[in-house]
Amino acid sequence: MMKPNRRLILGLLLLWPAFALAAESGAAPAWDQLSKEEQQTLKPFQERWDSLPPERRERLQHGAKRWESMTPEQRAQAKDRFSRWQNMTPEQREMARQRYERFRQLPPEQQDRLRRRAQWFKNLPPERRAELRAKWQNMTSEQRQEYKEKWRRDDNGPGFDRGMSPRPERPGRMGPR
């Protein structure tokens, strides 16, 4: 009968090829292993690619694949967001990260409600958006809190009382609801 240590060593030796294959498949590729499209997208990293940590190379490769699958409109939006991000101060970036983290911790139905409201706001005429922003900026913290509570109670959002619906109109429907 084999001793426990011998069994362990024999088992590890038998599994070694599987471990090696798994490690290879998860390894970040060298520059010449990237597709031509990935190389084009990641060209700014070419000179230092092989010196980047494997996790960073994997993230960049994943991002390049996502970029390639985007429509031209999605790419334009991503460029715009990246430009805005670069123009933020470190404090603004940190606040954005915190807001995003709080958003991710919300239940899916609350996330959906916030997305609908953001889309509603985005679809408003520029003058109306400016009017609402000015109104918000002129509020005290107590008034803002009260306004938020109203939003939570009434999923319609501000302006609903003025005939502006946050929900898309149903086909064939005319005028405000």
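In this predicted model, L34 is in contact with P29, Q39, L42, W49 and Q61 once its neighbours within four places in sequence are left aside. L34 also belongs to the largest nonpolar core, a set of eight residues in which it is joined by W31, L42, F45, W49, L52, L60 and A64. Apart from that core lies another, of six residues, which includes W120, L124, L132 and M139.

**Packing of α3 with α4**

- Helix α3, covering residues 54-69, packs with helix α4, covering residues 72-86, at an angle of about 130°, and their axes lie 8 Å apart.
- Because angles between 115 and 145 degrees fall outside the parallel, antiparallel and perpendicular ranges, α3 counts as oblique to α4.
- On the α3 side the contact is made by W67, E68 and S69, while α4 contributes Q74, R75, A78 and K79.
- Sorted by class, the residues in the contact of α3 with α4 are two nonpolar, two polar and three charged.

**Packing of α7 with α8**

- Helix α7, which spans residues 126-137, and helix α8, which spans residues 141-153, pack at an angle of about 130°, with 9 Å between their axes.
- The helices α7 and α8 are therefore oblique to each other.
- Residues L132, K135, W136 and Q137 of α7 make this contact with R144, Y147 and K148 of α8, and L132 is also among the residues of the six-residue core.
- The contact of α7 with α8 divides by class into three nonpolar residues, one polar residue and three charged residues.

Key: Residues numbered from 1 in each chain as written. Predicted model: local features only at pLDDT ≥ 70, side-chain atom pairs only at ≥ 80, totals over all residues. Heavy atoms only, no water. Axes fitted to C-alpha atoms, helices over the stretch in contact; angles between N-to-C directions. Helix = DSSP H or I, 4+ residues; strand = E, 2+ residues; numbered from the N terminus. Parallel < 35°, antiparallel > 145°, perpendicular 65-115°, else oblique. Contact = heavy atoms within 4.5 Å. Nonpolar A, V, L, I, M, F, W, Y, C, P; charged D, E, K, R; others polar. Core = buried A, V, L, I, M, F, W, Y, C linked by side-chain atoms within 4.5 Å. Buried < 20%, exposed > 50% of the residue type's maximum accessible area, 1.4 Å probe, protein only.
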